[in-house]
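Visitor: Could you take me through one part of this model in close detail? I would like to understand how that part sits within the rest of the chain.

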Amino acid sequence: MAKKKVKERYCPECGEKLKPSDKYCMHCGYSFEERKKSKPKIIPILISIIIFIILWIIVRLLTGKPILPDLSIIGKLFNPAG
Ligand SMILES: [Zn+2]
């Protein structure tokens, strides 16, 4: 008995059964390729930035350091003599 591992796909728009090789739905024209390209990944990036900021603040609070790093080093960079 050979196991057939054919991944069946269904159109998210109309629910029509699609072949794995189909790039778009034959029934309603829903395109998988277009969807991938047009969908911006802004929200996951925003979430990861927010999580990073929260973790940063927590680590800073736990270590007893100020939340913002020492900014005086920036002044030294622009004004090495001073
Ligand atoms: Zn469809």
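Visitor: Before we zoom in on helix α2, what pLDDT does the chain average, and what percentage of the residues score at least 70?

Guide: Happy to help! This is a predicted model, and the chain averages a pLDDT of 80, with 79% of the residues scoring at least 70. Your choice of helix is a good place to look: among the elements of the chain, α2 has the highest mean pLDDT, 92, while α1 has the lowest, 64. Where pLDDT is low, the predicted coordinates should not be read in detail.

Let us place the helix in its setting. The chain holds two strands and three helices, and from the N terminus on their order is β-β-α-α-α. Helix α2 covers residues 42–63, which is 22 residues. From its first C-alpha to its last, α2 reaches 31 Å, close to the 32 Å expected at 1.5 Å a residue. Right after α2 comes G64, and the phi of G64 is positive, near 80°.

Now for the surroundings of the helix. A residue needs 20 or more other C-beta atoms within 10 Å of its own to be called buried. Of the 22 residues of α2, zero are buried, so the helix lies largely in the open. The chain as a whole gives a related picture: 1% of its 82 residues count as buried. As for contacts with a separation of 6 or more, 0% of those in the chain come from residues 24 or more positions apart.

For some context outside the helix, turn to the loop between β2 (17–18) and α1 (32–38), where K19 lies. K19 is exposed, with 11 other C-beta atoms within 10 Å. Its C-alpha is 6.5 Å from that of R9, a residue ten positions away in sequence. M26 is found in the loop between β2 and α1 too, and M26 counts as exposed because it has 12 C-beta neighbours inside 10 Å. Ten residues along the chain from M26 is E16, and the C-alpha atoms of M26 and E16 are separated by 8.4 Å.

How values were computed: Residues are numbered from 1 along each chain as its sequence is written. This is a predicted model: local features need pLDDT of at least 70, side-chain atom pairs count only at pLDDT 80 or more; totals for chains, interfaces and linings use all residues. Helices (H or I, at least four residues) and strands (E, at least two) are DSSP runs, numbered from the N terminus. Two residues are in contact if their C-beta atoms, placed from the backbone, lie within 7 Å. The expected span of a helix is 1.5 Å times one less than its number of residues. pLDDT is the predictor's confidence in each residue, from 0 to 100.
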